[in-house]
Each structure stands twice: as structure tokens, then as C-alpha cells.
Amino acid sequence: MKVLGILPFVRFTVENALSPGDTAVDCTVGNGHDTAYLATLVGEVGHVYGFDIQEQAITKAANRLIDQGLDKRVTLFQSGHEEVRSFIPLDKVNNLKAAIFNLGYLPGGDKSIVTKATSTLAAVSALLDMMPTGGTIVLVIYHGHEEGENEKNSVLSFVEQIDQRHAHVLKYEFINQANNPPFVVAIEKR
Ligand code: SAM
């Protein structure tokens, strides 16, 4: 397929937003794949802050980062992303250029622990406020589970109402696929 799939599109967008030395946030660390990817992009002088409410996720991600020699570039918090404002040092906020959310449940984990609309939107609002111009937030929305449908609707209603003078907002979605395929919402602060 020549058209970018969902995950390649996420990577394309994040790579456009981030340069070595920048700060990035992985709002849903899970098994740490995106955290490691962001750590590669920000390089040795940049930094990644990662959030997950599950100890299992933080431990697995921490081990992955050590295995890949990326652990010094990352600080992981076992905390909700809705607390993002209290965890990012002020001197890193000016360079906060990208944040990723992979919504839903931890692959291979407890499917009853899912991201929720209220905390997701609290984190998106805080990040939008904190980020400099050009800062980009990418959400991958998995909505095939019960809470996912509610979260999808809440996120879409929120982002559709962001003033276009404040941010560019797009939705990237395959519209002929079966079984509620995930889609992307990307927000770039203007
Ligand atoms: N990107 C991850 C990876 O590479 O494996 C997958 C993330 S998984 C789809 C979603 C994660 O969000 C779960 O690990 C879950 O524990 C976490 N989560 C749920 N609510 C959260 C919250 N309020 N703040 C931070 N993480 C949360």
C-alpha cells in the first residue's frame, strides 16, 4: 500500500514535529514502544517524559529503554497524564514539541483498564496550553471497546471546537475498513 497506514502516519507527523534536543511526552507508555521511538528522535540532549497508571507498563517500558540504551533520555511516571503540568520541569516546556496518546487498553494487559475521556481531555488541554507554537499532539483513537466509543466522541467534540486560529486539527482515517479501525487526530499549535 502506498498510502500511509495509521502508524506510519503517526511517525511521519511526529518526525516532522521533533528535532534532536527537544522535549516529548508519551502520554500512554504501555509497553514502551512509542517511548523508545520518541527517545530516539530527541537524541542524547533531548528528553522524553512518559506517563502510565499501571506499574506493569512502567516496569516493562523501563526495561525496554535500558535494553535499548535509551533510559537516560527518559523519565517515566506512574501517574495519570492528566497531571502532566505538574511533572514537566519548567525549563523543558519551551522545547515541548510533541506528545503522543495511544488510547485504549494495554496490549496483553488488563482490558478493563482503559484511557478515559475526562483524563484524556484534561491532558490534551494542558499540553496545548504548555506547548510552544508548532507543538504537535497526536492521538491514536481505538474505539472498538465500550469506553472507546465514548472517548472517541468526547475527543472529537473537543477538538472540532478548537479555534482554527489557535491550532490546526486533522483527522486521518480509513473509511472503508471493518471492525472500527483506529484513526488519528493530530493537533498542531499555531
Ligand atoms: N503506546 C503503548 C505501547 O507502545 O505499548 C500502548 C498504550 S495502551 C494502548 C494505553 C495505556 O494507557 C495503557 O497502558 C494504560 O494503562 C494507560 N493509561 C490509561 N489511563 C491512563 C492515564 N490517565 N494516564 C496515563 N496512562 C493511562
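T23 is buried in this predicted model, with a relative accessible area of just 1%. T23 belongs to strand β1, which covers residues 23–26. Looking beyond the residues up to four places away in sequence, T23 touches L18, H47, Y49, K92, N95, L96, K97 and A98.

**The two pockets**

Let us turn to the open spaces. The largest pocket has a volume of about 640 Å³. Its lining is made up of 33 residues, and T28, V29, G30, N102 and Y105 lie nearest the centre of this pocket. Which elements give two or more residues to the lining of the largest pocket? They are helix α1 (6–17), helix α2 (33–42), strand β2 (47–52) and strand β4 (96–102). Sorted by class, the lining of the largest pocket holds 15 nonpolar, 13 polar and five charged residues.

The second largest pocket encloses about 200 Å³ of space. Here 13 residues form the lining, with T13, T136, L170, A186 and E188 closest to the centre of the second largest pocket. At least two lining residues come from each of α1, β6 (167–172) and β7 (183–189). Of these elements, α1 supplies the largest share, five residues. By class, the lining of the second largest pocket counts seven nonpolar, five polar and one charged residues. Helix α1 is thus a handy landmark when you browse the model, as α1 gives two or more residues to the lining of the largest pocket and at least two to that of the second largest pocket.

**Around the ligand**

How many residues surround the ligand? There are 24, and the closest are N31, D52, Q54, H81 and E82. Three polar distances to the ligand are worth a look on screen, and the table below sets them out.

| Residue and atom | Ligand atom | Distance |
|---|---|---|
| N31, polar backbone atom | oxygen | 2.8 Å |
| D34, polar side-chain atom | nitrogen | 3.1 Å |
| Q54, polar side-chain atom | oxygen | 2.8 Å |

In N31 the polar atom belongs to the backbone, whereas in D34 it belongs to the side chain. For Q54, too, the polar atom is in the side chain, and its partner is an oxygen atom of the ligand.

**From strand β6 to the loop after it**

H168 is found in strand β6. Is H168 buried or partly exposed? With a relative accessible area of 41%, H168 is partly exposed, because this value falls between the 20% and 50% limits. Leaving out neighbours within four places in sequence, the contacts of H168 are A186, I187, E188 and R190. The C-alpha atoms of H168 and A186 are 8.0 Å apart, although 18 residues separate the two along the chain. With R190, H168 shares a side-chain polar contact of 3.4 Å. A186 and E188, two of the contacts of H168, are also among the residues closest to the centre of the second largest pocket.

Finally, have a look at the loop between β6 and β7, where both N179 and N180 are located. Most residues other than glycine have a negative phi. N179, however, has a positive phi near 60 degrees, and N180 has a positive phi near 45 degrees. How accessible are these two asparagines? N179 counts as exposed because its relative accessibility, 72%, is over 50%. N180, at 43%, is partly exposed.

Note on methods. Residues are numbered from 1 along each chain as its sequence is written. This is a predicted model: local features need pLDDT of at least 70, side-chain atom pairs count only at pLDDT 80 or more; totals for chains, interfaces and linings use all residues. Side-chain values use heavy atoms; hydrogens and water are left out. Helices (H or I, at least four residues) and strands (E, at least two) are DSSP runs, numbered from the N terminus. Buried means under 20% relative accessible area, exposed over 50%, partly exposed in between (1.4 Å probe, protein chains only). Contact means heavy atoms within 4.5 Å. On a 1 Å grid over the protein atoms alone, a cavity is a set of points where a 1.4 Å probe fits but cannot get out, and a pocket is an open set with protein on both sides within 12 Å along at least five of seven lines; lining residues have an atom within 4 Å of a point. Grid points are joined across faces, edges and corners, and a volume is the space filled by probe spheres set on the points. Ala, Val, Leu, Ile, Met, Phe, Trp, Tyr, Cys and Pro count as nonpolar, Asp, Glu, Lys and Arg as charged, and the others, Gly among them, as polar. A residue is near a molecule or strand if one of its heavy atoms lies within 4 Å of it. A polar contact is a pair of N or O atoms within 3.5 Å; within protein, one must be able to donate a hydrogen and the other to accept it, and residues adjacent in sequence count only if both atoms are side-chain atoms.
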